[in-house]
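Got a minute to go over the charged side chains in this one? Here is the model, and then we can talk through the labels.

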Amino acid sequence: MPTALITGANSGIGHAFTKLLISEGYTVFALDRVIGRELKELSCQNFECDLASSDSIDQFASHFRSLDEPLELLLNIAGVMAPKADDALESVAASTLLSTFQVNTFGPLLLSRALLLSLLQAKSPKLAFMSSRVGSIADNSSGGAYSYRASKAALNSIGKSMAMDLKEKGVVVLLLHPGFVISGLDKTDDTRNNPEAVQPEEAAEKLWKVVRAKGLAETGTFWHREGFELPW
């Protein structure tokens, strides 16, 4: 069976992807900072991993590498978003910027790098990063969300660079935008009340169609869950 690793697997899109890939026959390694009851009940291997901690990332990666098995799919889904009141021009603090970048930007880069040898063992490896349309500089028409927006823009840059570095090695790298999703990421009712918002299961199913359809010709590109490409 192919192997997939998913971060942010305890809830939201990460949890939906975990269930989806188990049903698709993958051996799933499910990572999150906290492993809840519902995740423990799934037929996957669960590991506590804090993406804000390089030590935690290194500890897990060392364990995974010791298994000496190929990693066909790495989905970097875990993310955090500060409350809007704390992420505005007038209020954003260095501590908010740092904590957001640690999870949304630095963590995915460090984990992906740590698991690179396992990805390269696979015949057709894919590496995906859960970005956001707010990380698009060209598409920014509303401002605000300074730490979240910047962390996703930086993640896009990292994903693009990794795509260029890994193309000759056969690794497909994709940046994904899930659209509005009803989850615990946004603690306000803004997303829940948005008519375009979907449940995590629908977002995961549509994003999975995108991931499956893309190959090396599309590596380093940015995709909406509905299947169209987004600008940087």
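What follows is a short Q and A on a predicted model, with each label set against its cut-off.

Q: What makes Arg37 and Glu41 a salt bridge?
A: The closest N and O atoms of Arg37 and Glu41 are 3.1 Å apart. The cut-off is within 4 Å, so the Arg37–Glu41 pair counts as a salt bridge.

Q: Is Arg37 called buried or exposed, and why?
A: Arg37 has 55% relative accessibility. Exposed means over 50%, so Arg37 goes down as exposed. Its partner Glu41 has a relative accessible area of 55%, and therefore Glu41 is exposed too.

Q: How do you know that Lys206 and Glu202 form a salt bridge?
A: Their closest N and O atoms are 2.9 Å apart, and the limit is 4 Å, so the pair qualifies.

Q: Where do Lys206 and Glu202 sit relative to each other in helix H7?
A: They are 4 residues apart in helix H7 (residues 200-213), which means about one helical turn separates them.

Q: Why are Lys206 and Glu202 called partly exposed?
A: Lys206 comes in at 24% relative accessibility and Glu202 at 33%. Buried is under 20% and exposed is over 50%, so both values fall in between and both residues are partly exposed.

Q: What about the salt bridge between Glu226 and Arg225: which of these residues is buried, and why?
A: These side chains meet at 3.2 Å, N to O. Arg225 has a relative accessible area of 7%; under 20% is buried, so Arg225 gets that label. Glu226, at 42%, is partly exposed.

Q: Which residues do salt bridges with shared partners join into one network?
A: Glu202, Lys206, Arg225 and Glu226.

Q: How many salt bridges does the structure hold?
A: There are 6 salt bridges, including Arg37–Glu41 and Lys206–Glu202.

Q: Why is Arg149 said to have no salt bridge?
A: Its nearest side chain of opposite charge, Asp139, is 7.0 Å away. A salt bridge needs a nitrogen and a carboxyl oxygen within 4 Å, so Asp139 does not make one with Arg149, which is buried all the same.

Q: What makes the backbone oxygen of Val134 a polar contact for Arg149?
A: That oxygen lies 3.1 Å from a polar atom of the Arg149 side chain. The cut-off is within 3.5 Å, so the distance fits. Arg149, part of helix H6 (residues 146-166), also touches Gly135, Asn140 and Ser142, among others.

Note on methods. Residues numbered from 1 in each chain as written. Predicted model: local features only at pLDDT ≥ 70, side-chain atom pairs only at ≥ 80, totals over all residues. Heavy atoms only, no water. Helix = DSSP H or I, 4+ residues; strand = E, 2+ residues; numbered from the N terminus. Buried < 20%, exposed > 50% of the residue type's maximum accessible area, 1.4 Å probe, protein only. Lys, Arg positive; Asp, Glu negative; His and termini not counted. Polar contact = N/O pair within 3.5 Å; in protein donor to acceptor, adjacent residues only side chain to side chain. Contact = heavy atoms within 4.5 Å. Lists of a residue's contacts leave out its neighbours within four places in sequence.
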